[in-house]
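Let's take a friendly walk through a protein model, one stop at a time. Keep the picture open while you read.

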Amino acid sequence: MKPSPKNLDERSSSRPLKNNLFRLKHIDYLYFNIYNYFYRLSHYRPTPNYRTQAMYLFSLGSGGWFLLLESIYLHFIKHTRFASPMQSMVFASSIYILTAALFNYIYIVKDRDQKIFGKYEDLAEKNPKQKKHLVLSMFVLALPYIVLITFAIMFPRPH
């Protein structure tokens, strides 16, 4: 698609994330919000590597989504649970380790986080709702844990 004057005018509109020239990938933008937060935080205080902090937080949130889907599948479709808390802990630990290893390869080894940062950096500086997007991103990562806690309260394990 060739940029036309109309499309160029849209790019400078008050809604920089909505235009025809730029296709928004929501997962990438979610990761970018977290990455950008840790990147900006590293300018104000000495922190460990901001790339790994963003990757591990994203991995923790993604692992939560996998555990939520597994919990929904076991509870509502199979009508069963793990035999013991130790078995569920081993399963959850393996999910977290696998997602961390996978995201480390994707974002750190393959430098995908740098490509995402380069892609969204200019748009984020022009975006007046940057803090709102960060809060929404953190909420998306915390949502599976909120739902899992709600499941634990609503459907307690029989003793």
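Histidine 79 sits in the loop that links helix 3 (50-78) to helix 4 (85-109). Keep in mind that you are looking at a predicted model. Right after helix 3 ends, the backbone does something worth pausing over: histidine 79 has a positive phi of about 55°. Most residues other than glycine have a negative phi. Is histidine 79 buried or exposed? With a relative accessible area of 64%, histidine 79 counts as exposed, because the cut-off for that word is over 50%.

Now move along the chain to the loop between helix 4 and helix 5 (112-126), where you will find aspartate 111. Aspartate 111 also is not a glycine, and its phi is positive, at about 55°. Its relative accessible area is 34%, so aspartate 111 is described as partly exposed.

Let's go back to helix 3 and look at the helix itself. Helix 3 contains 29 residues and spans 40 Å from its first C-alpha to its last, close to the 42 Å expected at 1.5 Å a residue. At its N-terminal end, asparagine 49 acts as a cap: one of its side-chain oxygens lies 3.1 Å from the backbone nitrogen of arginine 51.

Finally, how do helix 3 and helix 6 (residues 130-154) meet? Their axes come within 8 Å and cross at roughly 35°. The crossing of these two helices, helix 3 and helix 6, is left-handed. Which kinds of residues form this contact? In the contact of helix 3 with helix 6 there are 17 nonpolar residues, five polar ones and no charged ones.

Terms used. Residues numbered from 1 in each chain as written. Predicted model: local features only at pLDDT ≥ 70, side-chain atom pairs only at ≥ 80, totals over all residues. Heavy atoms only, no water. Helix = DSSP H or I, 4+ residues; strand = E, 2+ residues; numbered from the N terminus. Buried < 20%, exposed > 50% of the residue type's maximum accessible area, 1.4 Å probe, protein only. Axes fitted to C-alpha atoms, helices over the stretch in contact; angles between N-to-C directions. Left-handed = near helix turned anticlockwise from the far one by under 90°. Nonpolar A, V, L, I, M, F, W, Y, C, P; charged D, E, K, R; others polar. Expected span 1.5 Å × (residues − 1). Polar contact = N/O pair within 3.5 Å; in protein donor to acceptor, adjacent residues only side chain to side chain.
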